[in-house]
Amino acid sequence: MTEPFKNLFNHSVINAMAKHFHRHWKDFDKQGFIDASCDQLEELELKARSQQITAAMSHYLPNDFEHAGQILLAALAPEAKEKLATESDGISGWAIMPMGDYVGIHGLAHHDFSMSLLNAMTRRFTSEFSIRFFLLASPEETLNTLKNWLKDDNKHVRRLISEGTRPRLPWAMQLPSFIQNPTPVIELLEALKDDPEEYVRRSVANNLNDIAKDHPDLVADIAKKWMQGADINRQKLIRHACRTLLKQGNQKALEVFGYGKPKLGSIKLEIHEEQVKLNGNLEFSLLIESTSEGDQSLMIDYVIHHKKKNGTTTPKVFKWKKATLLAGKSLSMSKKHPFKAITTRVYYDGQHEVEILINGQSIAKNSFFLSID
């Protein structure tokens, strides 16, 4: 069985942290820190465990932040040891998460020193959560620091710039000012879009995907601009950045990738069995005919309109395929969609619908009956 994710913070990791803190400050109460950090640890999930370790650090490290920060800095593992949680020669990996939060909570009045600490920590794990304390408290000053890091030779530092400024980063505090106005973030992403590391470029794409949730047309415009003269790496970035827009059928984003309004004549959507049982499959086929004098690039998706308890339906979009429809030709395809019991969805008896989207346009819809007995 896979080890629970929360066990990334366990007794061994906490004991190692205590050892490293004590090595660099002999007055550090190792056992007090361990007891506080491990209190009812098994009952806590990952984020709560990290927060409890941060609280223990706040209690047992020196009240003088500059002194405490020097201890944290000295306790870090050598930079090359970035993959491991703790080692005999220092701390790295997930154990840095509560250390970064400690800096975010206690270091706001020590901006430059705190930034140097987060820079060092992100080289051994990530400071994408911790940097947000500073982006919320002093955005202009923090953005200036991030601009100075754009040319850093460490890929983790450059990735921090894009990942840390994501307006809706999962697990993290949201950045309301960037949700409302992402312009300062976009300036950073512009400088990173052709970074030599895919690790960084993928973070840029994820940030743009976040922004697209609130500013879809803005991101579509950026995609169009960036696509000009784009090499294969930037094209991959743009497609990943636009994944939500493409799934939603945003016309401006679709046009960036050559998916115009489809020119179709005959369209036939056929459901093979009109009644589908839970844990069975919906099988359907599609036949389309081109009326275009040229070949057409098609992005074909389908939507299942699930019946809800109150009788209304809710749509769920599924990717199907990409295809080229030759001029004046027809194209046929079939699909088998499973209706399996899952924990994230409750199915209800009754009429459902399947809808076909081509290049974001609804071109056909048909109904079927789902039986859960």
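**Internal cavities**

A search of the whole structure, which is a predicted model, finds 2 cavities of 30 Å³ or more. The two are described in turn below.

The volume of the largest cavity is about 80 Å³. Its lining consists of E198, R201, R202, A205, N233, K236, L237 and H240. Two helices, α12 (198–212) and α14 (232–241), each supply at least two residues of this lining. By residue class, the lining of the largest cavity divides into 4 charged, 2 polar and 2 nonpolar residues. The charged residues are E198, R201, R202 and K236, the polar ones are N233 and H240, and the nonpolar ones are A205 and L237.

The second largest cavity holds about 40 Å³ of space. Around this cavity lie L246, K247, Q248, G249, L254, M299, D301, L357, N359 and G360. The elements that give two or more residues to the lining of the second largest cavity are α15 (243–248) and β6 (296–307). The largest share, 3 residues, comes from α15. In this second lining, 4 residues are nonpolar, 4 are polar and 2 are charged. K247 and D301 make up the charged group, while L246, L254, M299 and L357 are the nonpolar residues. The polar group is formed by Q248, G249, N359 and G360, with glycine counted as polar.

How values were computed. Residues numbered from 1 in each chain as written. Predicted model: local features only at pLDDT ≥ 70, side-chain atom pairs only at ≥ 80, totals over all residues. Heavy atoms only, no water. 1 Å grid on protein atoms, 1.4 Å probe; cavity = no way out; pocket = protein on both sides within 12 Å on 5 of 7 lines; lining within 4 Å. Points joined across faces, edges and corners; volume = space filled by probe spheres on them. Helix = DSSP H or I, 4+ residues; strand = E, 2+ residues; numbered from the N terminus.
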